[in-house]
Amino acid sequence: MATERRGWSLARQLLVLQVIIVGVLVVAGAVLAFLDVAARTKASSRDEVVAVATTIADTPAIVDAVEAPDPSVVLQPFTNRVLDDTGIDFVTIMDTNGRRWTHPDPGQIGARYLGHIEQALAGHVFVETYTGTLGPSIRAVAPIRDGRKIVALVSVGITLDAIAGQVRDRLVLLALVAAGALTIGMAGTYLVNRRLARQTHGLGPAELSRRLEYHEAILHTVREGLLLVDPAGRVTLCNDGARELLDLRGDVEGRALTDLGLPAEMVASMASDRATRDELHLTERRVLVVNSAPVRSGDRAHGTVVTLRDHTDLQRLSGELDSVRGFAESLRSQAHEAANRLHTVVSLVELGRYDEAVEFATAELALAQRLTDRVVDAVSEPVLAALLLGKAAEASERGVELVITPETEIDDAVLGGALAQRDVVTILGNLIDNGLDAALEGGSTPRVYVTARTENGELLLRVEDTGTGLTAGEVAFDRGWSTKADGRGLGLALVRQAVRRGHGTIEVGQGDRGAVFTVRLPAALVKSP
């Protein structure tokens, strides 16, 4: 089956483009450098022939030799020495009619000079390119004066072949420099693109674009929160789900975790270099499940990936399920005890002890009925009444007496809505559970005292136990704090969260009997009577 042909990767495309660019730049630079070298060499040659020509014209011995009967006898050896000492190709000294007295080729002496001499005869030094007996050359022609009178002319030249030879010598060095630059450029381009290929995993532009679109779509559509934290503890990525779950505002990326206003234990978990799994953490309004995993490439740490899931509703349902389970266990225990009592009553009847049977049967019922009557008379709110009756049965089973104080008085349907009922169940249920645990550790007659009433439009909840007391203060409301070695330490943290969510207050202190927790919830959660 034919497969779709994969195009060039981004790294390969950039490599080819960079090779072309580097090659064009190096070739263009080499051409420009060659043209500059040629121009500079030609200009240098012009300056040289002018300097030599003017120097010879100003030499007094030349004037004396010109006036001799045979000037060539003196001038030819002189010009040969000049040719040996300089890079000049020819020096021709002539009379004002252009007849040569000197020449590199002695056979040309006496012949007419090939070139222009009019400007020199007019007293000017000029430079021209002309083809003479040695071929094309750059030559300077200067007048030789005896005082103010022009008595002869001198022409000094360098052939174009000699100039081209100088350019060729420099061109070799230029080519080596260009080749070195091209090699270094290609090597650097190759290394950079190898690194780019590793970082892009050999993907092409279309694949990278498609993956980026998928990446953005996933980040903005998933409900779970996602955070990427670098090794320094700064947020490098935060999706919409994380912003909502953590109640973050403004620009988050680039900020340190410690600057986001999150609980310290959550920050420590997110910034840890170890993996965490399904840790429960509390914010001001939510219960979150936090998972984190460090990201490594070899021995190098790149940071931590953190995922967040909202566990608030599930935690509330779990609390309600625990309450229902507690009711069921209480009913099971009571059914078992009732069966035992029934067997005892039957046995007493069979033995003919009717009075003792009646007394035994009604004693437990009277105690349970008194507790039920006390709760029902004091608490007309059905949710709170059911909670207190369930906790009373649980306390009795655990050997703790749950005392409803005389100050307790709650009218029917005092709580404003299901949300308020859930929060109150969370608060009061966890405080009673904490009190039962503390009372069992505190003494031989464990008791928990519960007060619930409305006061000045507020709902007052107070739980006091006969335990050893509480000295941890606000620390007791942190996630993970517990008086039990095997406790998870979430109950009191949930209490504080529910109180803050309802804009209420919670106080912890030491009473006459033991620890006292007092919660006040504002009128927003309480229906007006």
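Which residues of α11 are buried? The legend to Figure 2 gives the list for this helix. The structure shown in these views is a predicted model.

**Figure 1. The protein chain as a whole, with 13 helices and 14 strands.** The chain has 529 residues, of which 37% count as buried. Among contacts between residues at least 6 apart in sequence, 55% join residues at least 24 apart. The views that follow take up single elements, residues and groups of strands.

**Figure 2. Helix α11, residues 382–398.** This helix has 17 residues. From its first C-alpha to its last it reaches 24 Å, close to the 24 Å expected at 1.5 Å a residue. Its buried residues are Leu-384, Ala-385, Leu-387, Leu-388, Gly-390, Lys-391, Ala-392, Ala-393 and Ala-395. Gly-399 follows the helix and has a positive phi, near 85°.

**Figure 3. The largest nonpolar core, with 34 residues.** Ile-427 and Leu-428 have the most contacts inside this core. The elements that give two or more residues to the core are α11, β10 (401–404), α12 (418–442), β11 (447–455), β12 (458–465), α13 and β14 (515–521). Helix α12 provides the largest share, seven residues. Leaving out residues up to four places away in sequence, Ile-427 touches Leu-461, Val-495, Ala-498, Val-499, Val-519 and Leu-521. Another core, of 26 residues, lies apart from the largest one. Leu-75, Leu-83, Val-156 and Ile-158 are among the residues of that other core. In soluble globular proteins, nonpolar side chains tend to be buried together.

**Figure 4. Helix α13, residues 491–501, largely enclosed by the rest of the structure.** The helix is described as largely enclosed because eight of its 11 residues are buried. The buried residues are Leu-492, Ala-493, Leu-494, Val-495, Arg-496, Gln-497, Ala-498 and Val-499. Of these, Val-495, Ala-498 and Val-499 are touched by Ile-427. After α13 comes His-503, with a positive phi near 60°.

**Figure 5. Strand β14 and its pairing with β12 and β13.** Six of the seven residues of β14 are buried, so this strand is largely enclosed by the rest of the structure. Strands β12 and β14 run antiparallel and are joined by six bridges. In this pair, Leu-459 has Leu-521 of β14 as its bridge partner. Strand β13 (residues 505–510) also pairs with β14 in the antiparallel sense, over six bridges. Here Glu-507 stands opposite Thr-518 of β14. Strands β13 and β14 form a hairpin, with four residues between them.

**Figure 6. An open sheet of four strands, in the order β1-β4-β3-β2.** The pairing in this sheet is antiparallel. Its edge strands are β1 (90–94) and β2 (126–132), each of which pairs on one side only. On average, neighbouring strands of the sheet are turned by 30° against each other, direction ignored. Strand β1 is joined to β4 (residues 149–159) by five bridges. Within this pair, Thr-92 has Ser-155 of β4 as its bridge partner. Strands of a sheet pair through backbone hydrogen bonds, either parallel or antiparallel.

**Figure 7. Gly-225 in strand β5 and its surroundings.** Strand β5 covers residues 225–229. Gly-225 counts as buried because its relative accessibility is 2%, where the cut-off for buried is under 20%. The C-alpha atoms of Gly-225 and Leu-308 are separated by 4.6 Å, although these residues are 83 residues apart along the chain. Neighbours within four places in sequence aside, Gly-225 is in contact with Asn-239, Gly-241, Ala-242, Leu-245, Val-306, Thr-307 and Leu-308.

**Figure 8. Ser-292 in strand β8 and the residues it touches.** Strand β8 covers residues 287–297. With a relative accessibility of 4%, Ser-292 counts as buried. The side chains of Ser-292 and Thr-276 make a polar contact at 2.5 Å. Not counting residues up to four places away in sequence, Ser-292 touches Ser-269, Arg-274, Ala-275, Thr-276, Thr-304, Val-305 and Val-306. Val-306 is also among the contacts of Gly-225.

Notes: Residues numbered from 1 in each chain as written. Predicted model: local features only at pLDDT ≥ 70, side-chain atom pairs only at ≥ 80, totals over all residues. Heavy atoms only, no water. Buried < 20%, exposed > 50% of the residue type's maximum accessible area, 1.4 Å probe, protein only. Polar contact = N/O pair within 3.5 Å; in protein donor to acceptor, adjacent residues only side chain to side chain. Contact = heavy atoms within 4.5 Å. Expected span 1.5 Å × (residues − 1). Pairing = 2+ DSSP bridges. Axes fitted to C-alpha atoms, helices over the stretch in contact; angles between N-to-C directions. Core = buried A, V, L, I, M, F, W, Y, C linked by side-chain atoms within 4.5 Å.
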